[in-house]
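Hi everyone, thanks for coming. Let me put the model up on the screen, and then we can talk about charged pairs.

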Amino acid sequence: LLWRGCSFAMSSDLQILQAFTRRCGTKVFYADVVTIQFEEVEGHDALENVVPTSPKTSAGPRFGPPKKAYLCVGQSCLCLLASSMSRRLQAFNGQVDYAWMEKVAVDASSRTKFLVALSLSKVKASLNSFYKGPSQFIVESDDRDELLKLISTYFVADGLHRHGKFESLPRFQHDLGTSPAPSSIVPPTGYKKASFRNYTFFIRKDFQDVPNAVSKAATGHFSMAASKLFDRTFSWSSSPGDVELLVSVVDPLPLASLRPLGREHVRWVALECKQSLLRSWNARVVHNRPYMKKMNLANDVASWSCWEMFIEDNDFTWAVIVLRRQYVPPVLDTAQDFILAMKCRSAKDRERKKNVEACLMRELAFIADSFSPQPHPNLNLDLVQAKLDALLFDDEAFHWIYDRFKLVPVGHFNIHMYCTVFVKGVVKKLYNEHVLNSSECVNEMELKTDAVCSSGTSDADMEPVHVILKALAHPGEGLPRTNPNPESIHAWQARVACYFAYQMDGGMLGSRITLATLVEGVHNGRVPQEVSIVFENILACLLHLRAEDLRVPWELKVITAQMLGLGLLSPLPESAGKSGDAEVQGVQCSFNDRVMQVLLETGHLRKVLQDEDAGKDCMSMEYAHLLANLLSCSAASTNLKACVCRLIIADEAVGEKGQSIVLADGLARLMQKGSSFLVTYASAAMVNLSQSHEVVRSHFIHQDLVPVCMHNVRMKDTDLMLYSVMLFVQLTKRSNHRAALEKYGVLQLCFEVLDAIHEQLDHRWRVVAELCVVLGQLFCDQEAVAIAERPEHKVTTSLLSLLDAALPPGAGAGRALSESSSKIVTKAIFTLQKICGGEGVRSEVCDSNILKKLVELLEDQENLSNVELMNNVLHLFALLSVGRNCSAKIQQFGWGRVYDTLMASPLALSQDAVRERIQAIQNNIKSFAK
């Protein structure tokens, strides 16, 4: 398509464009529902037999009454179709060539109308010399500006094609004498209405347009002095600078394109936006949550969903709200995203930061609430019904359209009737086999079936399997009845299966009957085997697992047989898990994502693929291959891949016969190719696998995946950093693995990250704690210790600063450490004791105030019950007490007060090694004191 940026364009839907192309007889690139008024000419009958509305005595041209029609933009002409799409309009034989156009007059008194003036001589030359029809007409379109842009574009293209020279379409402003534009809601005092790319919103009057290299106005970038927004009493150490507002309008996308792009939910778009703002190690995500839009100023029928974020670093503070307008008129088949971002200079202290956060979020929320489409939304329910009949919507769209307009697929085949009969048949079988205990659902489905089935029909009592097979065998709504394209038929069958699954999974009876209820019927021991087989066949029909090539027909088989034939139960390609491969594809198949997720979450596929040779209750190798293939399959949605990762995390019986390696390959592929959300999920699952299976750690290194993990750390996303560092914890347990990691530069990366985030304990304390564990394990090798002792790395300084921040003043008697502080102190001391062999490090520790805080720490009985913390502190004291200065400092800070308490503690009484270590520290202190 040459034009895809129109807010209300039908041209984003290929099926509708193809229908218009067949009707018009020429290639159509855009179609819009408009109202047309033709000029009245005496003795001409091209005005569709209407009564003139303008009196004969009125001055100027007269125009007939408005008439609904479709205006189709083609490559060399405009086509005019009747609202029924059954024929062309009589005027100009339904076709207006661009060569006939002389000018366009845009109505100055409205925002929807414009006049097209034609050259009468050119019209006569093209049609006939006796032509006496209209030479101008008025068009009213809710999307006037975009429609005129498109007409002007093709006018220029047509001129270049015919004459080889550039000729633009003359365009003027003129008052056509129409009624004024409808009144709109006035902004509140102190605000003004701004517009950008056909959307309006309220902003403060102090905001001014910021020009860019292309335009001085309408850039979507506004700025004003920060003093205009923040309270006058709000003090700054320096000038607060300006507050900037950035508005980004993304081109609309068809609903069917959201899943392949990984944008099914507005949250995934917000995550991409968040990642672009995490530019420094100091960046912090304060808020990351859904937002509810509170106003609908344009009476828009579309659905709005929003996500808000608040991000700050040392330089700037960002408030961001991402909006999604879904089910956009006129056909409800597109979605459009918008990003509203407001930034200002960061405040320095905590109180000012709270004020900045409150002011920015309040201001941006008001702008988001007032965000509205500029033209009045225009809805074409006829085309919506046609798309419903052809099942060209997804599950969420079916539900939303029915909830809002009470529309269901009908068509010649009446697919909704057969779907109702199908659900009724399944419910009756579940009730007859005592899977359902109440007859309420059966009675309700009887009433629904009677309402949609005509009297006397035999279809109402068909078996559910026969119903769905009959629906799949139908040639397809909207397809030619003779010699239809096999690919179109197979695509129709997949859509039928998806619609039946949607209605079965709560669409018809809510949460009372779902696909999980059907799965329960398969595994219910009281259900006869022949009925259980019927339920399995129904699940196979609803899953509709098939080859991606639509030329291949679908066949009803057991689900496991279908998976085996398509390769879902076979190993991944050998290069699918390697980081250097960018083009290897997974299994090429398609299936109903909703049904697959239910089959996984209910454990159905794990049970039917169980292998006794794999071990008791362990997952089979085939099931492991299935999970790995789904992680790399393009047909799997973001939600399904996240579901697979959750299953791997929760599964405690993976098995020891290679299943863990198969799963690791699938997770590795996702870590390389997935979005930041899926990469985080995959990293968490990989941590669980590597913790339980040492073979996974070796495989991770041998597959050259360490650079992927290092890249994820540098993404600066806190959750992704955490799980990536936890992976390094598992990979640094053995000396050969540590040596491999050091070749990649993991040690230098850890130094860099520790230096950057050791002061960010309020929101990254878990990352800091795990990073200390990684460094402590790396310092088991003397080469790493020697590198850490170099002054340029500042490892000791960072660790001491970290301990000083984690140990509050007076963390002694009566004041135990919090959970986060306890973990940070434990891990930091574990790392510090590894490098305390050098005189320089011991001297730096003794010169700090950490020893005093650690001695005070030993005075609290609750701290003494923390075994790991006490062992690490005592081990550090034992290393430091061999030096005269450190021994004297420990004695000075109160060792004598805590010695007796330590010896009488439960830990010392239960472990000889602890008691001996306490006594060794006491002996060292006494010997140096003498």
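Let's start with a warm-up: is Arg714 buried, partly exposed or exposed? Arg714 counts as partly exposed, because its relative accessibility is 39%. Please keep in mind that this is a predicted model.

So who does Arg714 pair with? Its side chain meets that of Glu752 in a salt bridge, at 4.0 Å from N to O. The two come from distant parts of the chain, 38 residues apart: Arg714 sits in the loop between α22 (706-713) and α23 (718-731), while Glu752 belongs to helix α25 (residues 746-757). Glu752 is partly exposed too, with a relative accessible area of 36%.

Stay with helix α25 for a moment, since Asp755 is also there. Asp755 forms a salt bridge with Lys794, at 3.7 Å from N to O. Lys794 lies in the loop between α27 (782-788) and α28 (795-806), 39 residues away from Asp755. As for accessibility, Lys794 comes in at 40% and Asp755 at 32%, so each counts as partly exposed.

Now over to another pair. Glu446 and Lys428 meet in a salt bridge, again given as 4.0 Å from N to O. Glu446 is in helix α9 (residues 440-452) and Lys428 in helix α8 (residues 415-432), so this contact ties together parts 18 residues apart in sequence. Glu446 has 27% relative accessibility, which means partly exposed, and Lys428, at 30%, is partly exposed as well.

How many salt bridges are there in total? The count comes to 33. Thanks, everyone!

How values were computed. Residues numbered from 1 in each chain as written. Predicted model: local features only at pLDDT ≥ 70, side-chain atom pairs only at ≥ 80, totals over all residues. Heavy atoms only, no water. Helix = DSSP H or I, 4+ residues; strand = E, 2+ residues; numbered from the N terminus. Buried < 20%, exposed > 50% of the residue type's maximum accessible area, 1.4 Å probe, protein only.
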